[in-house]
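Got your viewer open? Here is a short tour, one selection at a time.

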Amino acid sequence: MIEETLAFRDSFMHRINPCVRILCAVILSFACALSSDFSVLACYLFLSFVFAWIATLPVVQVVKRLKPVMLFLLMTWLVLPVTFDGRPLYSVFIFDITLEGVLFTCMITLKSVSILLFFMAFVATMTVPSMGHALEKMHLSPKMVFLILMTYRYIAVIQEEYDRLYRAARIRGFTPGTNIHSYKTFAYLAGMLFIRASMRSKRVHQAMICRGFDGTFKTIDKFRMDTVSIIFCVTVISTAAVLVAAQCL
């Protein structure tokens, strides 16, 4: 099952209505992505750390989730400053590091880290079923919500099926390599995986119908729009509006 280590905690953020949290994450992320002023971007970065602190996110988990983005940003820092047109700032061998390239890369870094922290603080602190039901209450397509929840529920089952097939191939002496035999074997594994997944889905669907499934998932979570959630939503949206206005000035 997909890890939800940040969802099962107790903080002020976890008690906010999931619909409000998704809305706040989307608004702040869009506002941050469209900003181009470094002082405003610094404010967004500060806000992202504040919300991460409010959500009591463990530092180890935050670093773990930031690691893939940091690897991407590292490649950006290695490429953009020497390929972006602008005033030369420093020369390394035959490459010129431009001021505009450094500023543009710095902007990308601030936006990427801020947006990821926003989603970690607001969205990663809820379970996937809660997120699905919140999206449904926000009038997202019911079919899309159903697909999200079913994918979440059975992605681990498909992984188990693949592990079983791969283990059977290894027992029969299969050794992965860069040759035609290995490519054919993996193609057969993929084909068998699709067949087994299709057969499994039919059995699951029949079992769900036998248990009275009516096309929607039920949840024991109560999504109540309390006063605290409303105040929190208004505060976040107002803050985003102020930062957008500061960007326009």
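A cut-off to keep in your pocket: a residue is buried under 20% relative accessible area, exposed over 50%, and partly exposed in between. Also bear in mind that this is a predicted model.

**Stop 1: the hairpin**

Start by selecting I94, in the loop between strand 1 and strand 2 (95-98). Its relative accessibility is 76%, so I94 counts as exposed. Now add L89, Y90, V92, F93 and F95 to I94: together they make a nonpolar surface patch of about 760 Å². Strand 1 (residues 88-92) is the top contributor to that patch, giving 3 residues.

Switch to a cartoon view of strand 1. How many of its 5 residues are buried? The number is 0, so strand 1 lies largely in the open. Its partner is strand 2: the two run antiparallel, joined by 4 bridges. To see the register, pick P88 and look across to T98 in strand 2. The two strands form a hairpin with 2 residues between them, and F93 in the turn has a positive phi of about 60 degrees.

**Stop 2: two more positive phi values**

Why flag a backbone angle like that? Because most residues other than glycine have a negative phi.

Jump to T56, another non-glycine residue with a positive phi, this one near 50 degrees. You will find T56 in the loop between helix 2 (38-54) and helix 3 (59-83). With 32% relative accessibility, T56 counts as partly exposed.

Next, go to H139, which is not a glycine either and has a positive phi of about 70 degrees. Look for H139 in the loop between helix 5 (128-137) and helix 6 (142-171). Is H139 buried or exposed? Its relative accessibility is 74%, so H139 counts as exposed.

**Stop 3: a serine under cover**

Select S29 in helix 1 (residues 18-33). S29 has a relative accessible area of 7%, so this serine is buried. What does S29 touch, leaving aside its neighbours within four places in sequence? Show I115, F118 and F119: S29 is in contact with these residues.

**Stop 4: the rings**

Turn on the aromatic side chains. The count comes to 9 aromatic pairs. One of them is Y166 with F186, a stacked pair at 6.4 Å centre to centre, with 15 degrees between the planes. Y166 sits in helix 6 and F186 in helix 7 (residues 180-210), so this pair ties together parts that are 20 residues apart in sequence. Colour both by accessibility: Y166 is partly exposed at 22%, and F186 is partly exposed at 32%.

Keep F186 selected and add F174. Here the geometry is edge-to-face, with 5.6 Å centre to centre and 80 degrees between the planes. F174 belongs to the loop between helix 6 and helix 7, while F186 is in helix 7, so the pair ties together parts that are 12 residues apart in sequence. F174 itself is buried, with a relative accessible area of 6%.

For the last selection, take F12, F51, F118, F122 and F232, which ring pairs link into a cluster. You have already met F118, as one of the contacts of S29.

Key:
Residues numbered from 1 in each chain as written. Heavy atoms only, no water. Patch = residues over 30% accessible without salt bridge, like charges linked within 9 Å, V, L, I, M, F, W, Y side chains within 5 Å. Areas by Shrake-Rupley, 256 points an atom, 1.4 Å probe, with all protein chains shown as cover. Salt bridge = Lys/Arg side-chain N within 4 Å of Asp/Glu carboxyl O. Buried < 20%, exposed > 50% of the residue type's maximum accessible area, 1.4 Å probe, protein only. Contact = heavy atoms within 4.5 Å. Pairing = 2+ DSSP bridges. Phe/Tyr/Trp six-rings, centres within 6.5 Å; stacked < 30°, edge-to-face > 60°.
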